[in-house]
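Please open the model in a viewer and keep the selection tool at hand. The stops below move from one selection to the next.

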Amino acid sequence: IYQGGARVNNTDTDTDNFFFQPSFDLGEGVHTVTAVAWAKDFSSNSKHSQEYVFFIEALPAPTLLIPNEEDVVSKLKPRILGLSKSATLIHFYIDGVYNGKTEIIRHESGTANFAYKPFLNLSRTEHVVWAVAEDASGRKSSISNTLNFIVEDPAVSPTLLTPVVNINSSEDQPFIVGLIKNDYKLQVFIDHKLN
């Protein structure tokens, strides 16, 4: 499909160079380019040049890593961590609503990591987050994987009761008893060391 005339740099030599840039973004996929030379007075033209074939790859979607369903999230602005192609910025959607973006992230390996903190507090309920990458030319990726997570109330400290000395214990090794919220595990520290 004819797209327009190229700019020719006249140098008064046997050959001149030229350049052309399409007026619209080419989509992802395979593209072909050929050119035809015309005399300045349009009295004659050449055959089509050799065909040049090139491919525009899709911008890969970012990968979200944290938080996930197994993480205990108590902060109202939890950090969202992930990976994306270098030289992209990442747009975030929380519960289907646009929340913000990162700056352009870069890494020499070609894959950069990112950390994003929501600009508003999230409610203490279940949430879903996904992201979209964008490169410097404005191309956007497809939607990333989605992460579901729950923002919970902060964990309540356990309550220690008076150590118990009974038939199964001694003053040197008393039973340490107390109360803890359901569905929590407990670590016991004695003299500031995990026991």
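Select Phe-92 and Tyr-116 to begin: in this predicted model, both residues are buried. Their ring centres lie 4.2 Å apart and their planes meet at 10°, so the pair is stacked. A stacked pair requires planes under 30 degrees apart. The contact links distant parts of the chain, with Phe-92 in strand E7 and Tyr-116 in strand E9, 24 residues apart.

Keep Phe-92 selected and add Phe-114. Phe-92 and Phe-114 are both buried. Here the ring centres are 5.6 Å apart and the planes stand at 65°, so this pair is edge-to-face. It too links distant parts of the chain: Phe-92 belongs to strand E7 (residues 88-94) and Phe-114 to strand E9 (residues 111-116), with their positions 22 residues apart in numbering. Display Phe-92, Phe-114 and Tyr-116 together, and one aromatic cluster appears. The structure as a whole holds six aromatic pairs.

Next, select Asp-135 and Arg-139. Which kind of contact do the side chains of Arg-139 and Asp-135 make? They meet in a salt bridge, with an N to O distance of 2.9 Å. The structure holds one salt bridge. The two partners can then be viewed with the surface switched on. Arg-139 counts as partly exposed because its relative accessibility is 26%, whereas Asp-135, at 15%, counts as buried. The cut-off for a buried residue is under 20% relative accessible area.

Now turn to the surface and select Glu-69, Glu-70, Asp-71, Asp-95 and Glu-126. These residues form a negative surface patch. Within this selection, centre the view on Glu-69, which lies in the loop between strand E5 (63-66) and strand E6 (80-85). Is Glu-69 buried or exposed? Glu-69 is exposed, as its relative accessible area is 64%.

For the last stop, select Leu-160, Ile-176, Ile-180, Tyr-184, Leu-186, Val-188 and Ile-190. Together they make a nonpolar surface patch of about 610 Å². Focus on Ile-180, one of its members. Where is Ile-180 found? Ile-180 sits in the loop between strand E13 (178-179) and strand E14 (189-190). With a relative accessible area of 37%, Ile-180 is partly exposed.

Terms used
Residues numbered from 1 in each chain as written. Predicted model: local features only at pLDDT ≥ 70, side-chain atom pairs only at ≥ 80, totals over all residues. Heavy atoms only, no water. Patch = residues over 30% accessible without salt bridge, like charges linked within 9 Å, V, L, I, M, F, W, Y side chains within 5 Å. Areas by Shrake-Rupley, 256 points an atom, 1.4 Å probe, with all protein chains shown as cover. Salt bridge = Lys/Arg side-chain N within 4 Å of Asp/Glu carboxyl O. Lys, Arg positive; Asp, Glu negative; His and termini not counted. Charge placed at Lys NZ, Arg CZ, Asp CG, Glu CD. Helix = DSSP H or I, 4+ residues; strand = E, 2+ residues; numbered from the N terminus. Buried < 20%, exposed > 50% of the residue type's maximum accessible area, 1.4 Å probe, protein only. Phe/Tyr/Trp six-rings, centres within 6.5 Å; stacked < 30°, edge-to-face > 60°.
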